[in-house]
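Here are my notes on the model you sent. They take the helices and the sheet in turn, and each point can be checked against the coordinates.

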Amino acid sequence: MASFDIVIIGQSGRIEAEALLLAASLRAHAPGFSNRLLVAEPQPGPLWPEDPRMSAEGRAMLGELGAEILPFESRHFGSAYPHGNKIEALSALPASPFLFLDSDTLILGEIGELPIATLPPAASMRREGTWPVEEVYWPGYTASWKSLYDRFGLDFESSLDLSWPDEFWKRYLYFNAGWFCGPDARAFGALFAEYAVAIRDDPPREVALQPFDPWLDQVALPLVIHALGGGRPGPALDGLDGALTCHYRTFPLLYAREADRVVESLERVAAPNRLKKLLKRHEPIRRMVYQGRGAKARALFDRAALPATEKEIRTILRAHGFWMR
């Protein structure tokens with residue numbers, strides 16, 4: 001099977017800890033993965049008032065876990081929009097197949113078996129209808145999304161899922177940017193940066209009053225995928241957000257809603273003492289994983305009857321003092 005690189009972001013603080021866990025879970029649960037795990041690290045520069053790089057100890061541990069540090073320059077986003085790291089990191093990659101994963105992801109199985117190199121671009125469908133935001137004077141979903149497709153000369157009609165009714169958010173191509181993939185990282189990254197900067201700096205009139213922070217990456221992503229001939233993922237990628245990966249978002253959310261096998265995988269991967277020493281620097285891991293608060297948060301929820309939205313889960317966690325990131 002043709003190979004592909006896994007790309008994640010590594011940055012000081014929380015994201016360093018998450019990257020360490022992802023790398024450890026890859027090594028533990030995908031021993032057959034023979035390709036590269038690239039930890040893309042933003043470098044100091046005018047768009048970062050503080051040094052965004054990881055600690056020396058974290059970088060060394062990532063190396064021991066088989067990861068390769070990939071420096072990149074922040075030319076468009078930096079600290080003003082850290083989500084832009086995933087857009088700019090792709091510029092440092094070769095023109096070859098890639099799978100980008102948010103750092104707050106655990107690997108649960110042999111991810112190298114995915115046929116990423118032979119598939120068109122796609123991204124995660126584990127999402128909610130977070131953008132555009134419904135407002136009193138907004139023009140609606142169709143006009144909002146069509147204005148963006150028109151801006152970049154893309155065919156809007158062919159992006160629609162006609163099994164959903166007009167003006168229902170699932171009809172429109174919309175992804176969670178927690179994972180996305182394609183056959184050419186460099187081409188994907190160039191278009192992603194072009195579209196995201198254009199939307200940020202000069203949005204169409206129909207969406208000019210919409211919030212783009214933190215949604216800019218998820219607004220530009222479907223346009224990029226559609227422009228490159230991709231779309232909604234097919235069954236060959238079912239393992240992502242499934243048997244092969246878990247994008248947990250935060251540790252309280254992981255304990256609240258994920259399957260037992262995910263919790264067991266997290267706690268097993270986080271157990272070795274040398275890794276634990278680094279992970280305990282991050283308070284949510286220390287409290288949730290090592291001090292047992294995760295189990296208490298988990299007891300608040302029935303995984304077979306979870307609240308309908310993530311916001312409701314967060315509200316319950318906050319009310320009991322378990323929300324942290």
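1. Which residues of helix α12 (residues 310–319) are buried? They are Glu310, Ile313 and Leu317. Around the axis these residues cover an arc of only 60 degrees, which puts them on the same side of α12. Please keep in mind throughout that this is a predicted model.

2. The opposite face of α12 also deserves a look. Turned away from the buried side, this face carries Lys311 and Ala319, both exposed. The cover over the buried residues of α12 includes α7 (251–257) and α11 (293–298). After α12 comes Gly321, with a positive phi near 80 degrees.

3. Helix α10 (residues 283–290) can be read in a similar manner. Its buried residues include Pro284, Ile285, Met288 and Val289. Seen down the axis of α10, the buried residues fall within an arc of 90 degrees, so they line one face of the helix. They pack against α1, α7, α8, α9 (273–279) and α11. Gly292 follows α10, and the phi of Gly292 is positive, near 85 degrees.

4. Next, the sheet. What is the strand order in the open sheet of 6 strands? The order is β3-β2-β1-β4-β7-β6, and the pairing is mixed. At the edges stand β3 (67–72) and β6 (122–124); each has a single partner strand, so one side of each is left without a neighbour in the sheet. From one strand to the next, the twist averages 25 degrees.

5. Strand β1 (residues 5–9) has parallel partners in β2 and β4. With β2 (residues 37–42), β1 runs parallel and is joined by 4 bridges. Ile6 stands opposite Leu37 in β2, the bridge partner of Val7 in β2 is Leu38, and Ile8 has Val39 as its bridge partner in β2. With β4, β1 also runs parallel, and 3 bridges join the two. One pair there is Asp5 with its bridge partner Phe98 in β4. As a general reminder, the strands of a sheet pair through backbone hydrogen bonds, either parallel or antiparallel.

6. Is β1 enclosed or open to its surroundings? Of the 5 residues of β1, 5 are buried, so the strand is largely enclosed by the rest of the structure. Asp5, Val7 and Ile9 point one way from β1, while Ile6 and Ile8 point the other way, and all are buried. Asp5 is thus listed among the buried residues of β1, and a colleague assigning protonation states may wish to note that entry.7. Strand β2 gives a similar reading. Of the 6 residues of β2, 6 are buried, so β2 is largely enclosed by the rest of the structure. Leu37, Val39 and Glu41 point one way from β2; Leu38, Ala40 and Pro42 point the other way, and all are buried.

8. Two helices are placed relative to the sheet. Helix α1 (residues 14–29) lies across β1, β2 and β4 (98–101), and runs at about 155 degrees to β1. Helix α6 (residues 216–227) lies across β6 and β7 (176–182), and runs at about 25 degrees to β7.

9. How far apart are the axes of α1 and helix α8 (residues 260–269)? The axes are 10 Å apart, and the two helices pack at an angle of about 100 degrees. α1 and α8 are therefore roughly perpendicular to each other. On the α1 side, Leu21, Ala24, Ser25, Ala28 and His29 take part in the contact, meeting Ser265, Leu266, Arg268 and Val269 in α8. By class, this contact of α1 with α8 has 5 nonpolar, 3 polar and 1 charged residues. α1 and α8 also appear among the helices that the buried residues of α10 pack against.

10. A last point concerns a single residue. Ala187 is found in helix α5 (residues 185–201). Ala187 is partly exposed, with a relative accessible area of 34%. Leu93 is 94 residues from Ala187 along the chain, and the C-alpha atoms of the two are separated by 9.8 Å.

Definitions and conventions:
Residues are numbered from 1 along each chain as its sequence is written. This is a predicted model: local features need pLDDT of at least 70, side-chain atom pairs count only at pLDDT 80 or more; totals for chains, interfaces and linings use all residues. Side-chain values use heavy atoms; hydrogens and water are left out. Buried means under 20% relative accessible area, exposed over 50%, partly exposed in between (1.4 Å probe, protein chains only). The arc is that of the directions from the helix axis to the C-beta atoms. Contact means heavy atoms within 4.5 Å. Two strands pair if DSSP finds at least two bridges between them. Axes are lines fitted to C-alpha atoms, for helices over the stretch in contact, and angles run from 0 to 180 degrees between N-to-C directions. Angles under 35 degrees count as roughly parallel, over 145 as roughly antiparallel, 65 to 115 as roughly perpendicular and the rest as oblique. Ala, Val, Leu, Ile, Met, Phe, Trp, Tyr, Cys and Pro count as nonpolar, Asp, Glu, Lys and Arg as charged, and the others, Gly among them, as polar.
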